[in-house]
Amino acid sequence: MPGDASPPPAPQAPLARAEPFIWLTARVLEQRRFSFHFLGGEADAVDAALGAYLGGDGGYGHALDPDLRGPLSQPLHTAHALRVLDGLGRCSGQRIERLCRHLTRVSTPEGALPLVLPGPRAYPGAPYHPVHDDPPGELLTTGPVVGLLHRNRIWHAWLFRATDFCWERIETLRHWHPYEVQGAVAFLDGAPDRPRAAAAADRLGRLVRERRLAVLDPDLRAEHPPAPGRAADERLFPYDYAGRPESLARGWFTDEEMRRSLDFLAAQQQPDGGWPVHRRAWAPGSSLERRPIATLEALLTLRAYGRPVGPVSPPAPARPR
């Protein structure tokens with residue numbers, strides 16, 4: 001009838017909004033991860049895509065982590081690969097044995113992993129990941145790798161000294177960078193000594209709150225200092241530390257703080273269906289590749305906390321034979 005207004009269309013669920021963004025912008029690896037985690041896709045397809053980044057030395061390269069370009073195997077790529085394999089339930093076997101031999105070869109004298117390994121030639125990399133001729137071991141890289149290997153019950157000689165390095169750093173370090181805290185959490189969530197991990201996490205959580213390393217109220221985020229050496233809007237929220245509810249970092253935050261954090265994360269979805277990346281843009285390829293990764297992680301975090309992400313759009317009708 002004249003004057004009648006049709007009701008506005010119901011808003012699409014986050015997953016349905018993200019699906020076209022993934023198909024339009026993501027690398028093959030992120031497309032297949034999205035399909036595996038949300039569309040019932042095959043783990044073999046993800047595994048095959050990840051294999052394209054595997055080097056002849058047993059490590060991973062070719063910008064698997066978009067911040068480091070070029071073919072060289074790097075610890076940041078190893079941590080990324082292990083997260084993918086852990087999500088598939090495939091963090092085991094000869095591939096991991098070979099990877100651990102590679103980690104043994106590239107470790108620092110104290111048995112840890114540096115942030116960036118120097119190579120025979122310089123390949124482009126993010127300016128906040130400087131290259132040193134004799135790089136020190138870093139918790140930011142060593143913690144996630146060791147934690148995921150322990151989480152998957154991997155035992156290798158390399159792990160003994162690397163584990164000791166992580167414990168020593170976590171229990172003695174006094175000046176924390178937010179991303180070091182993330183590396184510590186990744187280690188503690190997989191460490192076999194659960195009472196020791198819980199005690200270390202309790203101390204670390206108090207430091208996070210005392211030094212305002214997490215934005216507890218998103219409405220007041222402008223009052224928090226950005227991460228040292230990073231972009232002006234680069235701040236970490238409770239979900240950045242406790243990506244899953246079973247993480248030891250979940251106990252650092254009240255239910256209300258976590259609720260506000262997840263509300264903020266859900267609201268960050270952009271009109272194109274993807275999530276933004278709050279870090280310094282330094283190269284077009286890195287920025288483009290990072291957003292689908294951030295989108296996958298946001299959806300996985302929301303789903304882990306029971307937030308409704310919804311179904312994807314219905315599939316198109318099958319073509320007639």
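This short talk goes through the salt bridges and aromatic pairs in the structure above.

Before I start, please keep in mind that what we are looking at is a predicted model. I will begin with the charged side chains. A search of the whole structure finds 22 salt bridges, and I would like to spend most of my time on a few that involve helix α12.

Let me take Arg-290 as the starting point. The side chain of Arg-290 meets that of Asp-65 in a salt bridge, with a distance of 2.9 Å from N to O. Where do the two partners lie in the chain? Asp-65 sits in the loop between α3, residues 43–51, and α4, residues 75–88, whereas Arg-290 belongs to helix α12, residues 284–304, so this pair ties together parts that are 225 residues apart in sequence. Are these residues buried or exposed? Asp-65 is buried, at a relative accessible area of 8%, and Arg-290 also counts as buried, because its relative accessibility is 10% and the limit for that label is under 20%.

Arg-290 has a further salt bridge, this one with Asp-67, where the closest N and O atoms are 3.4 Å apart. Here again Arg-290 contributes from helix α12 and Asp-67 from the loop between α3 and α4, so that parts 223 residues apart in sequence are tied together. Asp-67 is buried, as is Arg-290.

Next to Arg-290 in the numbering we have Glu-289, and the side chain of Glu-289 forms a salt bridge with that of Arg-69, at 3.0 Å from N to O. This pair links distant parts of the chain, with Glu-289 in helix α12 and Arg-69 in the loop between α3 and α4, 220 residues apart. On accessibility, Glu-289 counts as buried at 18%, whereas Arg-69, at 22%, counts as partly exposed; the reason the two receive separate labels is that buried means under 20%.

Elsewhere, salt bridges that share partners join five residues into one network, namely Glu-256, Arg-259, Arg-260, Asp-263 and Arg-307.

Let me now turn to the aromatic side chains. The count comes to seven aromatic pairs, and I will describe two of them. Phe-34 and Phe-38 form a tilted pair, with 5.5 Å from centre to centre and 45 degrees between the planes. How are these two residues placed in helix α2? They are four residues apart in this helix, which covers residues 28–38, and are therefore separated by about one helical turn. Phe-34 counts as buried, at 0% relative accessibility, and Phe-38 is buried too, with a relative accessible area of 13%. Ring pairs also bring in Trp-23, which is linked with Phe-34 and Phe-38 into a cluster.

The other pair I chose is Phe-237 with Phe-264, which is stacked, the centres being 4.7 Å apart and the planes at 25 degrees. Phe-237 lies in the loop between α9, residues 194–210, and α10, residues 238–241, while Phe-264 lies in helix α11, residues 255–267, so the pair ties together parts that are 27 residues apart in sequence. Phe-237 counts as buried at 5% relative accessibility, and Phe-264 counts as buried at 13%.

I will finish with a contact that joins the two themes of charge and ring. Arg-196 lies over the face of Trp-167, at 4.2 Å from the ring centre.

Methods:
Residues are numbered from 1 along each chain as its sequence is written. This is a predicted model: local features need pLDDT of at least 70, side-chain atom pairs count only at pLDDT 80 or more; totals for chains, interfaces and linings use all residues. Side-chain values use heavy atoms; hydrogens and water are left out. A salt bridge is a side-chain nitrogen of Lys or Arg within 4 Å of a carboxyl oxygen of Asp or Glu. Buried means under 20% relative accessible area, exposed over 50%, partly exposed in between (1.4 Å probe, protein chains only). Rings of Phe, Tyr and Trp (its six-membered ring) pair if their centres lie within 6.5 Å; planes under 30 degrees apart count as stacked, over 60 as edge-to-face and the rest as tilted. A charge sits over a ring if NZ of Lys or CZ of Arg is within 6 Å of the ring centre and within 35 degrees of the ring normal.
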